[in-house]
Amino acid sequence: MKVDGKHFRSIWLDEDGWSVRAIDQRRLPHEFVIARLTNCLEAAEAIRSMLVRGAPLIGATAAFGMALAMREDASDAAIDRAYAVLVATRPTAINLKWALEEMRALLRPLGPAARAAAAYARAAAIADEDVVINQGIAQNGFAVIEAIAARKKPGEAVNVLTHCNAGWLATVDWGTATAPIYLAHDRGHNIHVWVDETRPRNQGASLTAWELGHHGVPHTVIPDNTGGHLMQHGMVDLIIVGTDRVAANGDVCNKIGTYLKALAAFDNGVPFYVALPSPTIDFNVSDGRAVPIEQRGGEEVATMTGRTADGRIETVRIVPQESPVANYAFDVTPARLVTGLITERGVLKPERMALAATFPERMASAAE
Ligand code: MRU
């Protein structure tokens with residue numbers, strides 16, 4: 001997608017042919033900074049510190065991290081070390097483990113001399129495949145938006161609400177939740193996005209708003225608590241969110257607060273869709289209760305970072321010094337509250353049978 005009119009991906013191989021470039025998402029929306037990752041530990045730290053974030057991008061970064069590791073040491077022990085370091089960075093997004101298992105399965109049977117080149121090629125392919133998958137999600141989600149637009153007055157805006165950032169910054173390009181939105185916008189549909197700010201890290205306010213703005217998609221940032229009110233007043237036509245892991249039964253784990261949006265959507269008859277690439281399905285987890293929920297540092301809740309009127313980036317405390325805080329990063333939305341799963345192979349019912357029939361190879365590899 002575009003930044004100041006120029007096309008970017010969120011991660012790419014540097015022109016030196018070996019180091020990895022990624023947009024530093026901790027600095028947005030105030031500064032557009034491109035980071036350079038030169039070894040596996042830097043890739044791991046980029047994921048841990050949320051320089052990169054979002055389930056598909058975490059997976060792609062881990063794959064490149066493995067390639068960087070193989071460049072320095074292509075032994076069996078180095079594969080295991082890189083796997084262990086990278087997989088421990090964040091617990092909830094299953095794309096991380098999926099990408100690392102892809103890399104490990106590819107590299108182990110090869111001789112050490114062939115491993116670095118093979119790892120770079122597979123990491124690049126994982127990144128490219130993510131873009132193709134998201135374009136499939138765009139097509140399938142577009143049909144949902146088109147059907148809703150057809151029921152509205154000609155030219156009337158379709159209002160989509162989204163939570164967190166499941167945009168192109170969270171993937172390699174296009175995004176998952178945003179892919180149908182970008183396609184609808186590019187095809188001339190009048191589409192408007194309600195952007196949940198998404199406390200505590202504000203990925204909606206700082207990232208989704210930034211990327212929609214750069215692509216020219218009309219949007220409005222709202223405090224997280226606003227969605228229910230908008231739904232009660234008919235101001236939301238549908239919700240599309242991303243996900244970090246979909247359990248075999250269709251339960252959806254996503255950024256904290258997603259569940260409350262799904263409850264409000266259910267109460268108000270607003271369709272609630274989840275957009276996901278197939279690597280986000282975890283057939284090893286039978287329902288959402290088994291998904292590990294990341295708990296992050298209290299400073300994300302106790303402080304806010306922003307730009308002052310004179311241009312400085314400052315962090316200020318907003319909670320009394322003595323007050324304990326809790327920071328659960330994700331929650332689980334039960335499948336019964338989900339209208340449909342928008343995947344690259346179609347819009348599915350959030351049910352085990354539909355997931356298994358549509359992605360049999362994912363189910364088979366989980367069983368191994
Ligand atoms: O903690 P984050 O910013 O990595 O959380 C991201 C989300 O919850 C996204 O919605 C999810 O990863 C899907 S990204 C396409």
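**View 1. A salt bridge joins R90 and E294 in the predicted model**. The two side chains meet at 2.8 Å, N to O. R90 belongs to domain 1, which spans 2-128. E294 belongs to domain 2, which spans 137-367. The count of salt bridges between the two domains is one.

**View 2. Polar contacts link domain 1 and domain 2**. They number 15 residue pairs, with both partners at pLDDT 80 or more. On the domain 1 side, three elements each give two or more residues to the surface that touches domain 2. These are strand 1 (2-3), helix 2 (55-72) and helix 4 (94-107). Helix 2 contributes the most, with four residues. By residue class, this side of domain 1 holds 17 nonpolar, eight polar and seven charged residues.

**View 3. Domain 1 and domain 2 are in contact**. Domain 1 brings 32 residues to the contact. Domain 2 brings 33. The C-alpha centres of the two domains lie 24 Å apart.

**View 4. H30, T92 and I94 lead the area that domain 1 buries against domain 2**. Together they supply 22% of that area, more than any other three residues. I94 also falls within helix 4 (94-107). Between the two domains, the buried area is about 2,800 Å². Carbon and sulfur atoms give 57% of this area.

How values were computed
Residues numbered from 1 in each chain as written. Predicted model: local features only at pLDDT ≥ 70, side-chain atom pairs only at ≥ 80, totals over all residues. Heavy atoms only, no water. Domains from an automatic or database assignment. Contact = heavy atoms within 4.5 Å. Buried area = accessible area lost by both parts, 1.4 Å probe. Salt bridge = Lys/Arg side-chain N within 4 Å of Asp/Glu carboxyl O. Polar contact = N/O pair within 3.5 Å; in protein donor to acceptor, adjacent residues only side chain to side chain. Nonpolar A, V, L, I, M, F, W, Y, C, P; charged D, E, K, R; others polar.
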